[in-house]
Structures are given as C-alpha cells and as structure tokens.
Amino acid sequence: MIKLRRFLRDYKLQLIVGPLCKLFEAVLELFAPLVMAQIIDNGILKNNTDYVLKMGAVLVLIGVVGLGSALVCQYMASYTSQGAGTKIRSALLKHIGTLSHKELDKLGAPALITRMTSDINAVQANVAMVMRLLLRAPFLIIGALVMACFIDLSLSLIFFAAAAAIGVILYLVMTRSLPFYKKIQSILDRISLLTRENLEGSRVIRAFSKQKAQEESFDRETERMEKTALRVGRLSALLNPATYLVAYTAVALILWFGGARVNGGSLLSGDIIALTSYMTQILLAMIVLANLVVLLSRGSASASRINEVFETEPSVRELSDKEVQPILSAPKLEFRDVSFTYGDGDNELEKLGFSIERNTFVGIIGATGSGKSTLLSLIMRFYDASSGEILLDGHNVKSYPFSQLRSSIGVVPQKSTLFSGTVRSNMKWQDENAADEEIWDALRTAQADSFIDSLDKTVSQGGMNFSGGQRQRLCIARALVGDPELLILDDSFSALDFATEKALRQALLSRRDRTLIVVTQRCSTIAEADKILVLEDGTLVGEGTHRELFEGCSAYREICLSQLKAEEAAR
C-alpha cells in the first residue's frame with residue numbers, strides 16, 4: 001500500500017482534515033463516560049435533577065458534535081478513496097499501454113482485468129477505512145487505558161492485560177490470513193480467464209458439445225475459491241468471539257474487584273460505570289481494529305498485485321521523440337541478419353536478411369509456425385529483434401518515435417478486431433480527421449461498400465454483427481484510411497471467397513505508389529508479387545518471383561503443388 005501513496009498527493013487536505021475530525025470524535029467519546037459518572041455520583045445519587053438535566057445536555061452536545069465530525073470524515077474519506085481509485089485506474093491503464101507484447105503475454109488479459117477492477121476496489125476500501133478508523137481505533141484504546149489509570153490504577157491493570165491479549169489475537173489472525181487473500185486473488189485471475197474463454201468461445205464449445213467439460217473446469221476453480229474463502233473466513237470469524245471473550249472477561253473482573261472497592265468506600269459507583277464504559281470502548285475499538293486488519297490484509301494483497309504491474313518495465317521502449325526524415329534512395333524495408341526469440345531458448349527467426357524496394361508488392365509465405373507473423377511484429381516494434389537490424393526508409397526502426405513508425409504503416413492483423421460503435425468511428429482509428437469521402441474510398445477498395453450503406457451503421461462488440469469475411473474487409477479498409485506508405489496484410493484474405501479476394505487484390509495493386517506486404521497461405525494470392533519471401537522454421541529459404549521460386553525452391557514448389565495442379569502452378 002505504501003508504494004501507492006503517490007496517488008494521494010492531491011488529497012493532502014482531506015488526508016489531514018478527515019482523520020483529525022475522527023480523532024476529535026474519539027476525544028469527545030472518551031469524555032462521555034466521565035460525564036456519565038458525574039451524572040450518577042453528583043446527580044442521581046444526590047437527587048439533583050437540575051444537575052442531571054445540565055449534564056445530560058452536555059452528553060447530547062457531545063453526541064451531536066461527534067456525529068458532525070464523523071460525517072465530515074466520512075465525506076473526506078469517500079472523496080479521497082474514489083479520487084485515488086480513479087487515478088490508479090487511469091495510471092494503470094496508461095502503464096499497460098506502454099508494455100510490449102512480451103509483458104502483456106506474460107501477465108495475461110484476465111489477470112490485468114482483475115487488477116483493474118477487484119484489486120483497485122479493495123485498495124479504495126482500504127483508503128477509506130484507514131482514514132476513518134486507523135487513528136480513531138488506536139487512540140480510543142490508548143485513551144481508554146489512560147483514563148482508566150486516572151480513575152483507578154490497580155483496576156487499570158485489567159485493561160492492559162485485556163488489550164495485550166486482544167493484540168496477540170489480531171497479530172495471529174493477520175499473519176495467517178494474508179497468504180489466503182493473495183491466493184484468492186490468484187484464483188480470481190483463473191476464473192476470469194475461464195469466463196472469458198467460455199464467452200468468447202461459446203460457439204466452439206457448443207459445436208463440440210463441451211459444455212459439460214467446461215462447466216466442470218469452472219466448478220473446480222470456484223470450489224477452490226470456496227474452500228480458500230471458507231478457510232480464511234473461519235480464521236476471520238474467530239476474531240469477534242475471541243475479542244468479546246477477552247473483553248467481557250475483563251468487564252466481569254472490573255465489576256468483581258470494583259464492587260468490592262465500592263463497598264470498601266475507596267471507589268464511587270460512577271467510577272465503576274465509567275470503567276465499564278471504557279472497557280466497552282476498548283472492546284468495540286478492538287473489534288473495529290480486527291476488521292480493519294482483515295481489510296488491510298486483503299488490500300495489501302491487492303496492492304502488491306497492482307504494484308507488480310506498475311513495476312513491470314516494457315522491453316520495447318521509445319528511444320527518441322524526434323521525427324526521422326526518410327532516406328528516399330534507401331529500400332523501403334530492410335532486414336540485416338535479424339534473429340528473434342520469445343525467451344524460451346529457441347530462435348523463432350534466424351539471421352533473416354532481405355530488402356523490399358519502394359512501391360512494390362511483396363508476398364511472404366511459409367508453413368504454419370514458420371515465423372511470418374513474428375516477422376511482421378518486429379517491423380511494428382511489438383517486439384524487438386534479439387540481434388540484427390531492421391531498417392525502414394534507411395533508418396533503424398528503433399530510432400523512430402512510436403507515433404511516426406506506426407502511423408506510416410497500415411497493418412491488418414490475423415485476428416479481425418472491430419470495436420463497438422459505428423463504421424465511421426472504427427474507420428477513423430488511423431486518422432481521426434479522415435473525411436467521409438476518404439473512408440468511402442477505403443471501403444470501396446476493400447470491397448466493403450457492398451454491405452455498408454451508411455457510415456453510421458452500428459458495429460457491435462467485436463464486430464459480431466458482421467461475418468468473418470466482412471470483418472476482414474472492414475479491417476483492411478481501416479488500415480487504408482490515412483493512406484499509409486506501407487500496407488501490411490497478415491493472412492487477411494483467409495475468410496474471403498476467391499472472387500472477392502481477386503477483386504480486392506486488383507484494387508490494391510491499382511495503386512503503385514504504396515509498398516504492399518501480404519502474408520498468406522495461398523500461393524495464388526501472391527503469384528503476381530514482385531518478390532516472394534519463403535520462410536521455413538524461421539529461416540529464409542527462398543526469395544524471388546513466383547516462377548523463379550517454383551523452379552528453384554523446393555519448399556515453395558511443395559506449397560504450390562499442395563494447392564494447385566502442376567500446370568496451374570507453373571504459369
């Protein structure tokens with residue numbers, strides 16, 4: 001929790017005024033038993049009605065002022081906790097946005113969602129409760145002990161013994177409950193993952209009739225959480241009875257020994273009432289403190305998970321914010337002995353070396369897992385190459401600001417992802433100032449104008465109101481808006497029929513002032529390419545035109561013959 005204190009800097013006034021108001025309420029609460037003792041000794045026992053009424057009014061005033069102070073503290077605590085929670089969420093989302101794909105793959109989307117919601121809510125609750133109770137509860141305990149000493153020093157020893165016993169109980173519960181709360185949050189991550197997979201893959205689950213298996217898997221995780229929650233619940237449930245047992249034993253001892261002292265004349269009846277009230281105050285403060293300890297244990301576990309994200313540093317960093325001037329005489333894209341590994345020891349790409357000239361159509365083909373998508377991720381700096389250099393317009397991609405690098409490249413990933421809103425809002429991701437006519441041009445090029453009759457057409461979450469082929473065409477249109485100099489299509493024709501694919505390819509090739517890179521499994525898609533790169537197990541095994549590779553590259557020839565007849569492939 002201490003590491004998150006930076007989010008409270010804008011709430012210094014509330015952090016001071018709120019606890020002080022609660023402290024003032026506690027001071028008033030400590031005076032109440034003394035007033036009550038005076039009412040008994042000097043009013044009731046002496047039949048002094050005026051004194052009882054006067055001191056009763058003082059008690060009412062103490063209650064009203066204490067209530068006002070508590071309400072002010074409550075407002076300050078709510079204002080601070082909600083404001084800090086908002087700042088943490090914003091900062092966490094911003095930090096997640098700086099992480100590269102490597103860190104995002106490691107953390108996982110379900111875990112990040114849990115930390116953005118459940119964990120931050122727990123931290124917010126901690127901030128509010130700390131402001132309201134952290135000073136008040138200990139002050140009441142210490143204050144009640146001091147007041148008891150003033151009333152009767154020997155009887156106050158009972159108070160100290162009770163406070164020490166309750167403190168030991170609190171410590172034991174706190175140290176044993178914290179690991180359980182951490183485990184509960186980890187199980188929540190797993191449940192979030194299963195929930196997401198079941199919702200996103202509902203069609204696949206039903207297609208294979210795996211509802212029962214998925215339910216059993218989900219039930220296992222929820223049962224794990226139930227068992228863990230019950231264990232920590234049983235542990236926490238010991239707090240109240242244990243503290244009540246100690247406190248009421250102390251009250252019984254006070255009444256026993258105090259009654260004897262009243263009979264002996266060394267103590268007044270009102271003093272016994274005051275001592276009993278102080279013991280009750282200690283009991284209630286200890287119970288509050290016990291619940292606060294449980295809440296802090298959970299909040300500490302949540303805060304450590306949030307800090308884990310903040311402490312995760314991106315492996316891909318922006319090295320400069322100065323725009324780079326392209327060298328027009330240099331190739332558009334160049335790989336120089338580039339190797340890459342995801343960190344498992346084996347290289348995904350091995351010493352790739354090739355160049356792509358400006359305004360050319362380049363195809364990349366290879367078997368599944370040959371490294372095609374990984375190669376494209378390196379161009380966009382989603383990952384950084386383990387060794388070697390990648391040059392764009394004659395400059396290393398690492399020298400570009402992210403905004404310049406990615407705005408000059410239009411990319412369509414394998415997974416067609418659209419966002420809830422309208423067609424217009426989705427088309428403006430590359431250029432938010434794009435005119436409607438520019439968007440329509442992109443839609444026509446992507447062959448998407450046949451099913452889009454209005455830019456205000458609704459796009460549901462994930463674009464699920466469109467077919468797979470329609471989503472692909474809309475994603476291609478989105479990449480075309482803004483007229484990028486380099487257009488990368490990562491297997492973006494897979495859901496298209498051959499006629500639509502041909503029309504789309506011809507529309508793209510009609511513009512010869514753009515460099516086009518197409519990754520595909522279909523050799524017919526890139527047969528007209530100016531250059532084809534053939535990958536196999538992360539290495540470049542062939543480079544040239546379709547005819548050159550069909551005759552001289554066995555890997556490419558094998559791919560072609562698996563899809564086309566020999567006569568068609570040789571054309």
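The following is a conversation between a student and a tutor about a predicted model of one protein chain.

Student: What kind of model is this, and how are its residues numbered?
Tutor: This is a predicted model, in which local features need pLDDT of at least 70 and side-chain atom pairs count only at pLDDT 80 or more, while totals for chains, interfaces and linings use all residues. Side-chain values use heavy atoms, with hydrogens and water left out, and residues are numbered from 1 along each chain as its sequence is written.

Student: How many helices and strands are there in the chain?
Tutor: Helices (H or I, at least four residues) and strands (E, at least two) are DSSP runs, numbered from the N terminus. Counted in that way, the chain has 19 helices and 12 strands.

Student: What radius of gyration does the chain have, beside that of a compact globule of 571 residues?
Tutor: The C-alpha atoms fill a box of roughly 120 × 45 × 45 Å along the principal axes. The radius of gyration is taken over C-alpha atoms, and the globule rule is 2.2 Å times the number of residues to the power 0.38. A compact globule of 571 residues would come near 25 Å, but the chain has 36 Å.

Student: Which strands are the edge strands of the open sheet?
Tutor: Two strands pair if DSSP finds at least two bridges between them. Six strands form the open sheet, with mixed pairing, in the order β6-β9-β10-β3-β11-β12. The strands that pair on one side only are β6 and β12 (539-544).

Student: Which residue in β9 is the bridge partner of Gly410?
Tutor: Strand β9 (residues 486-490) and β6 pair in the parallel sense, over four bridges. Within β9, the bridge partner of Gly410 is Leu487.

Student: What angle does the direction of helix α18 make with that of β11?
Tutor: Axes are lines fitted to C-alpha atoms, for helices over the stretch in contact, and angles run from 0 to 180 degrees between N-to-C directions; contact means heavy atoms within 4.5 Å. Helix α18 (residues 554-563) packs on the sheet and touches β3 (361-366), β11 (531-536) and β12. Its direction and that of β11 make an angle of about 95°.

Student: Which residue in the hairpin of β11 and β12 takes a positive phi?
Tutor: The strands β11 and β12 run antiparallel and are joined by five bridges, and Leu533 stands opposite Glu543 in β12. Most residues other than glycine have a negative phi. In this hairpin, with two residues between the strands, a positive phi near 55° is taken by Asp537.

Student: Where is Asp483, another residue with a positive phi although it is not a glycine?
Tutor: The phi of Asp483 is about 50°. Asp483 is partly exposed, with a relative accessible area of 40%, where buried means under 20%, exposed over 50% and partly exposed in between (1.4 Å probe, protein chains only). Its place is in the loop between α15 (468-480) and β9.

Student: Why does the pair of Phe7 and Phe310 tie together parts that are apart in sequence, and by how many residues?
Tutor: Rings of Phe, Tyr and Trp (its six-membered ring) pair if their centres lie within 6.5 Å, and planes under 30 degrees apart count as stacked, over 60 as edge-to-face and the rest as tilted. Among the nine aromatic pairs of the structure, Phe7 and Phe310 form a tilted one, at 5.7 Å centre to centre and 35° between the planes. Phe7 is buried at 10% relative accessibility, and Phe310 is buried at 13%. Because Phe7 lies in the segment before α1 (12-44) and Phe310 in helix α10 (residues 269-310), the parts tied together are apart in sequence by 303 residues.

Student: Which residue lies over the face of Phe310?
Tutor: A charge sits over a ring if NZ of Lys or CZ of Arg is within 6 Å of the ring centre and within 35 degrees of the ring normal. For Phe310, at 4.9 Å from the ring centre, that residue is Arg6.

Student: How far apart in space are Glu200 and Gly462?
Tutor: Glu200 is found in helix α6 (residues 156-200) and counts as exposed at 56% relative accessibility. Glu200 and Gly462 are 262 residues apart in sequence, while their C-alpha to C-alpha distance in space is 9.9 Å.
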